[in-house]
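I keep these notes for a reader who is opening this structure for the first time. Please have the sequence and the model side by side while reading.

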Amino acid sequence: MSDLNTTTAPAADKVSINLYTRNPAHAIPQSTYLIPADWRRFQLSELINKVINTASGESFTPTPFDFIIEGELLRTTLDNWVQNRRNGDFESVINVEYIQSLLPPKQLESFPQDDWVSGVSIQRPGHILMSSYLSHVKVIPMTQAGTDATADSSVTMNLPSTLGATCCEWLSPNSQSENILVGAGGVDRQAHIFRIPSLVNSSANQTPQEIMTLHLHTGPISSVAPSRSFEHVLTSSWDGLLGVFALPTATNPLEETHDLPAEPKSYLPGQNSKKKRKLAGAAGDAQSGGWRKQPDMVMRGHTARIAGAIWDKEDRNRVWSAAWDGSVRGWEADIGYNSVLKQGPSDKAALCIDQMAQSGTLATGHMDRTVCMWDTREAQSLISLTLATSSPVPSLRAHPTSSFTLATGTYSGNLQIWDIRSPKQALFSVKRQQKEGKGERVLGIDWNGEVLVAGGEDGEVSVWSARGE
């Protein structure tokens with residue numbers, strides 16, 4: 001046992017702790033340390049840096065750390081924690097996990113819009129893709145140090161109806177610089193695929209065009225997601241169905257024919273008769289809709305609205321979905337088979353879904369103000385961990401490489417960064433400033449591990465620096 005005597009608190013009780021981390025770069029030799037009970041995070045962080053420096057034998061830049069005890073971040077002295085959590089038992093050894101400390105999120109910029117922002121994506125570096133209830137999707141340029149965009153530099157794509165866009169996503173790999181595909185879901189029950197000739201050249205002949213209109217659903221579209229190969233797009237809807245559609249590629253070009261005739265739209269409010277899609281001829285511009293396409297595969301099983309669906313990050317053929325019926329389901333996309341059913345409480349309506357990196361754990365946000373973690377490695381397991389929030393969670397995003405951190409946006413306007421090793425409280429929680437006369441609910445977020453983007457009822461796209469480990 002290492003006895004660390006200091007002169008800073010000679011009369012303080014001492015406590016035995018085991019320090020450990022899951023990050024090999026910051027690991028120290030296994031040992032039980034006897035340290036003053038009045039130590040806080042700062043002194044513990046100094047201790048770890050001294051041990052690392054001694055073990056390495058060479059100079060290095062000290063790293064600040066946070067400390068987790070029994071799923072809770074240490075915010076006070078060890079003495080205070082022992083008194084409140086262990087009734088003053090200083091004899092028992094405490095297991096303390098340490099993680100690298102992160103800076104709190106800081107807002108970099110915001111972009112006012114004319115209506116609610118329903119979805120955002122920053123999966124293509126340097127650009128924000130957003131969807132709006134003004135019934136369009138827009139590309140806004142973004143720089144590394146912040147943002148630099150003007151009305152002239154953005155690209156806007158209008159949906160054929162005025163009912164509103166519900167979600168959006170990039171559908172082409174980042175390596176593709178021309179003929180970039182973008183997907184948007186609409187209240188009009190259709191998914192719309194746009195092609196942007198280039199994000200560099202914005203001349204008149206580079207106008208974006210809707211090339212495909214995906215038909216299947218009888219309710220608003222809740223999500224669109226590209227497969228890992230970008231050869232297919234997955235759609236989910238309030239009608240409880242999932243659809244898989246083929247995307248045009250270099251080896252599988254778009255067939256410029258309609259798969260089905262135009263449907264009457266007079267019963268849908270917000271439709272303009274002058275914007276009817278053509279039965280034959282060219283697909284037309286983005287205002288008239290694209291080639292009407294049917295799905296390659298339809299998946300049925302949910303008994304309520306599907307909140308969202310994603311492709312598995314490891315298994316190219318696996319699809320996951322979460323719905324208002326309280327269930328999370330896994331599907332074999334090539335045959336449409338529902339191979340996994342994880343049924344939570346039927347009143348635990350899910351609002352969003354994403355998958356953690358490496359571990360494969362699923363994260364879902366719920367109407368009952370919780371985030372639930374689902375272990376996909378166990379066929380019979382249900383909810384393995386629950387994070388409590390202050391209001392419903394309509395959007396979340398897992399860190400792209402870490403298996404521990406995720407970001408959430410809530411109806412109360414909070415943006416939160418979580419580490420599932422400390423599930424009792426968020427690492428950081430910041431509230432978007434509410435504008436007078438506008439709502440506060442966050443409706444969509446995206447996070448690439450360095451930058452967090454959010455949009456909602458306030459009609460703004462806000463950009464935050466938010467690093468995760």
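The entries below go through what I looked up, topic by topic.

**Ground rules.** I am working with a predicted model, in which local features need pLDDT of at least 70 and side-chain atom pairs count only at pLDDT 80 or more, while totals for chains, interfaces and linings use all residues. Residues are numbered from 1 along each chain as its sequence is written, and side-chain values use heavy atoms, with hydrogens and water left out.

**Entry 1, the nonpolar core.** I looked up the largest nonpolar core (a set of buried Ala, Val, Leu, Ile, Met, Phe, Trp, Tyr and Cys residues joined through side-chain atoms within 4.5 Å) and found that, of its 24 residues, Ile17, Leu19, Ile35 and Phe67 touch the most other members. At least two residues each come from strand 2 (14–20), strand 3 (32–36), helix 1 (41–56), strand 4, helix 2 (78–85) and strand 6; I take helices (H or I, at least four residues) and strands (E, at least two) as DSSP runs, numbered from the N terminus. Helix 1 gives the largest share of this core, with 5 residues.

**Entry 2, aromatic pairs.** I noted 4 aromatic pairs in the structure, where rings of Phe, Tyr and Trp (its six-membered ring) pair if their centres lie within 6.5 Å, and planes under 30 degrees apart count as stacked, over 60 as edge-to-face and the rest as tilted. One of them joins Phe67 and Tyr98 in a tilted arrangement, 6.5 Å centre to centre and with 45° between the planes. Because Phe67 belongs to strand 4 (residues 65–69) and Tyr98 to strand 6 (residues 94–100), this pair ties together parts that are 31 residues apart in sequence. Are these two rings buried or exposed? Phe67 has 1% relative accessibility and counts as buried, and Tyr98, with a relative accessible area of 0%, is buried as well; here buried means under 20% relative accessible area, exposed over 50%, and partly exposed in between (1.4 Å probe, protein chains only).

I then turned to another tilted pair, Trp238 and Trp324, whose centres are 6.3 Å apart with 45° between the planes. Trp238 sits in the loop between strand 17 (232–237) and strand 18 (241–246), and Trp324 in the loop between strand 22 and strand 23, so the pair ties together parts that are 86 residues apart in sequence. Trp238 counts as partly exposed at 38% relative accessibility, and Trp324 is also partly exposed, at 33%. Going back to Phe67 and Tyr98, I saw that ring pairs link them with Phe65 into a cluster.

**Entry 3, charges over rings.** What lies over the ring of Trp238? The charged end of Arg305 does, 3.6 Å from the ring centre; a charge sits over a ring if NZ of Lys or CZ of Arg is within 6 Å of the ring centre and within 35 degrees of the ring normal. I also recorded Arg124 over the face of Trp170, at 5.5 Å from the ring centre.

**Entry 4, the sheet of strands 21 to 24.** Four strands make an open sheet in the order 21-22-23-24 with antiparallel pairing, where two strands pair if DSSP finds at least two bridges between them. Strand 21 (306–311) and strand 24 (337–343) are the edge strands, each pairing on one side only. Strand 21 runs antiparallel to strand 22 and is joined to it by 5 bridges, and a hairpin connects the two through 6 residues. Trp311 has Val319 in strand 22 as its bridge partner. All of strand 21, 6 of the 6 residues, is buried, so this strand is largely enclosed by the rest of the structure. Strand 22 (residues 318–323) pairs in turn with strand 23 (residues 327–332), again antiparallel and over 5 bridges, and Ala322 has Val328 in strand 23 as its bridge partner.

**Entry 5, the sheet of strands 8 to 11.** I found a further open sheet of 4 strands, in the order 8-9-10-11 and with antiparallel pairing. Strand 8 (117–121) and strand 11 (155–158) stand at its edges with a single partner strand each, so one side of each is left without a neighbour in the sheet. Strand 8 pairs with strand 9 (residues 127–132) in the antiparallel sense over 4 bridges, and Gly119 stands opposite Ser131 in strand 9.
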